[in-house]
Amino acid sequence: MSKSISQAGGDCTDARRGDGQESDESLCTPASVEVDAKPQSHGFKYDINYPSIGQCIIINNKNFDRRTGMNQRNGTDVDAGNVMKVFGKLGYKVKVYNDQTVEQITQVLTSVSKEDHSCSASFVCVLLSHGDEGVFFGTDASVELKRLTSLFRGDRCKSLVGKPKLFFIQACRGTDLDGGIETDSGADGTTTKIPVEADFLYAYSTAPGYYSWRNTMTGSWFIQSLCDMISKYGKELELLHIMTRVNHKVAVEFESISSAPGFDAKKQIPCIVSMLTKEMYFTP
């Protein structure tokens, strides 16, 4: 077994102590960090040659408890239907859960995270609801997104370690509005230690702090674009290339039409946060 990535010196954290002072050398590791791995054994594409490409769980919240003050999300059923169709065609086993409370959402995802995914190549979760920065709404209250996604971390869901875990989140992330701007142009037995947060992709419908737009008839701009781009390019392009095209479609082809003061002619840009460590293709 070879030892690779051994460096001179120590590795330190970029952090301040709780008292606001610079962190001391106690946060540095001794001389070097070693990884038990053979570099040549690593590929640059996720292996999807499994009996199943995986599950796709959809949380689709349309109706909310009056006490939350949240409006009905008309158009979300169109989103759920489109996601079900598109990911179903890719081979995912799709399950839809409608109008879920925080407890129900947590129970569903906890249960899925405890299943054996050994025969699956990946995992997809699509969250459709109201939201705010860092939180997602059940029909009765809000829950931190981190609480939901962390159920699938490498140290909590061992059968998905090293496999892509893809979260697509259609929800507001604040109350800012984007007015836009005019432009002038158109396997050998070795082991590798990996971070528990590795192999996640979080595709947010909008940038941090901003509203996310949804058409009551045709569905949200983001999910419309996501399904369209995956339908067109899902069998040929790598996922981050597809998501770049989703960003372009949302940014260029959509603009709000609203009679509400200050809400007309607004724009939106999705935000893709990737901790993927390999390229993700939906086909071999």
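Reader: In this predicted model, in which loop is Ser159 found?

Author: The model is a predicted one, and its chain has 5 helices and 13 strands, so that a loop can be named by the two elements on either side of it. For Ser159 these elements are a helix at residues 145-149 and a strand at residues 165-170. Ser159 is therefore placed, with the elements numbered from the N terminus, in the loop between α3 and β9.

Reader: Is Ser159 buried or exposed, and which residues is Ser159 in contact with, leaving aside its neighbours within four places in sequence?

Author: A residue counts as buried when its relative accessible area is under 20%, and Ser159 has 16% relative accessibility, so Ser159 is buried. Leaving aside the neighbours within four places in sequence, the residues in contact with Ser159 are Glu115, Asp116, His117 and Ser118.

Reader: Where does Ile169 lie, and by what distance are the C-alpha atoms of Ile169 and Leu127 separated?

Author: Ile169 lies in strand β9 and, at 3% relative accessibility, counts as buried. Not counting residues up to four places away in sequence, Ile169 touches Leu127, Leu145, Ala203, Tyr204, Ser205 and Phe222. Although Ile169 and Leu127 are 42 residues apart along the chain, their C-alpha atoms are separated by 4.8 Å.

Reader: At what angle do the axes of α4 and α5 cross, and what word describes α4 relative to α5?

Author: Two packed helices are described by the angle between their axes and by the distance between those axes. Helix α4 covers residues 221-233 and helix α5 covers residues 239-253, and their axes come within 9 Å and cross at roughly 135°. Because this angle falls between 115 and 145 degrees, outside the parallel, antiparallel and perpendicular ranges, α4 is oblique to α5.

Reader: Which residues of α5 are met by α4, and how do the residues of this contact divide by class?

Author: On the side of α4, the residues that take part are Trp221, Phe222, Ser225, Leu226, Asp228, Met229, Ile230 and Tyr233, and they meet Ile242, Met243, Arg245, Val246, Lys249 and Val250 in α5. Taken together, the residues of the contact of α4 with α5 divide into 10 nonpolar, 1 polar and 3 charged.

Reader: How are α1 and α4 oriented to each other, and what is the handedness of their crossing?

Author: The axes of α1, at residues 76-89, and α4 come within 10 Å and cross at roughly 15°. An angle under 35 degrees counts as roughly parallel, and α1 and α4 are therefore roughly parallel to each other. The contact is made by Asp79, Asn82, Val83, Val86 and Phe87 of α1 together with Ile223, Gln224, Cys227, Ile230 and Ser231 of α4. As for handedness, the crossing of α1 and α4 is left-handed.

Reader: What is the phi of Asp199, and what is the phi of Ala265?

Author: Most residues other than glycine have a negative phi. Asp199, in the loop between β9 and β10, is buried with a relative accessible area of 2%, whereas Ala265, in the loop between α5 and β13, is partly exposed with a relative accessible area of 29%. Neither residue is a glycine, yet phi is positive in both, near 70° for Asp199 and about 60° for Ala265.

Note on methods:
Residues are numbered from 1 along each chain as its sequence is written. This is a predicted model: local features need pLDDT of at least 70, side-chain atom pairs count only at pLDDT 80 or more; totals for chains, interfaces and linings use all residues. Side-chain values use heavy atoms; hydrogens and water are left out. Axes are lines fitted to C-alpha atoms, for helices over the stretch in contact, and angles run from 0 to 180 degrees between N-to-C directions. Helices (H or I, at least four residues) and strands (E, at least two) are DSSP runs, numbered from the N terminus. Angles under 35 degrees count as roughly parallel, over 145 as roughly antiparallel, 65 to 115 as roughly perpendicular and the rest as oblique. Contact means heavy atoms within 4.5 Å. Ala, Val, Leu, Ile, Met, Phe, Trp, Tyr, Cys and Pro count as nonpolar, Asp, Glu, Lys and Arg as charged, and the others, Gly among them, as polar. Buried means under 20% relative accessible area, exposed over 50%, partly exposed in between (1.4 Å probe, protein chains only). A crossing is left-handed if the near helix is turned anticlockwise from the far one by less than a right angle, and right-handed if clockwise.
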